Amino acid sequence: MCSQTIPFLQVIGFVEEAGNLAMLMILPRPENHLLDLRSLVSLAAGLFFGFVAAYGALCITYNSRNVTPSFFVAFIMAIVMGVRYRRSRKVMPAGIVAGLSLFMILRLVCMLL
């Protein structure tokens, strides 16, 4: 856990590590324009995993060995989107996010070595 006090300017600059993936998950997608039950669940999941990924990026900026939140998000997203890609064979968005998540897992493992 990140237990340090976080200055505001450092919060703005934490997007360096996994923040780009977090922003990709937080931003609304065009297919979520109708607010039915499916899109609300998708919005909630995207916000949850996006904010956890952003928190993981913040933890990595303070301690480069603390990759647990980022690894958790990348692992779950790789599994979920990989299964979704395998079922639909659509590259966008499932294949792209699954590939980025696998790349992030590889990057986090390399950071620990």
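1. Surface. In this predicted model, the chain exposes about 7600 Å². Carbon and sulfur atoms supply 71% of that area. On the burial side, 34% of the 113 residues in the chain are buried.

2. Confidence. A word on how far to trust the coordinates: the average pLDDT of the chain is 78, and 66% of the residues reach at least 70. Confidence is highest in H4, at a mean of 93, and lowest in helix H1 (residues 8–12), where the mean is 48. Please keep that contrast in mind when you look at H1 and H4.

3. Fold. The secondary structure is quickly told: there are 5 helices and 0 strands. Read from the N terminus, the elements go α-α-α-α-α. Counting contacts between residues at least 6 apart in sequence, 66% of them join residues at least 24 apart.

4. Annotated spans. The UniProt entry, which is unreviewed, carries the annotation "transmembrane region" for residues 40–60, 67–85 and 91–110. Two of these spans can be set beside the model. Residues 67–85 are 95% helix and 0% strand, with 26 Å between the end C-alpha atoms. Residues 91–110 are 100% helix and 0% strand, and here the end C-alpha atoms lie 26 Å apart.

5. Nonpolar patch. You may like to colour this one in your viewer: Phe71, Phe75, Ile79, Val80, Val83, Val109 and Leu113 together make a nonpolar surface patch of about 650 Å². Which helix gives the patch its largest share? That is helix H4 (residues 68–88), with 5 residues.

6. Leucine 113. One member of the patch is Leu113, which sits in the segment after helix H5 (91–112). Is leucine 113 buried or exposed? Its relative accessibility is 83%, so leucine 113 counts as exposed; the cut-off for that class is over 50%.

7. Serine 101. Helix H5 also offers a residue at the other end of the scale, serine 101. Serine 101 has a relative accessibility of 1% and therefore counts as buried, the limit being under 20%. What does serine 101 touch, leaving aside its neighbours within four places in sequence? Its contacts are Ala74, Met77 and Ala78.

8. Points to revisit. If you return to the model, three places make a good tour: the patch that includes Phe71 and Leu113, the buried serine 101, and helix H1, where confidence is lowest.

Methods:
Residues numbered from 1 in each chain as written. Predicted model: local features only at pLDDT ≥ 70, side-chain atom pairs only at ≥ 80, totals over all residues. Heavy atoms only, no water. Patch = residues over 30% accessible without salt bridge, like charges linked within 9 Å, V, L, I, M, F, W, Y side chains within 5 Å. Areas by Shrake-Rupley, 256 points an atom, 1.4 Å probe, with all protein chains shown as cover. Salt bridge = Lys/Arg side-chain N within 4 Å of Asp/Glu carboxyl O. Helix = DSSP H or I, 4+ residues; strand = E, 2+ residues; numbered from the N terminus. Buried < 20%, exposed > 50% of the residue type's maximum accessible area, 1.4 Å probe, protein only. Contact = heavy atoms within 4.5 Å. pLDDT = per-residue confidence, 0-100. UniProt positions renumbered as here; feature names shortened; annotations may be inferred.
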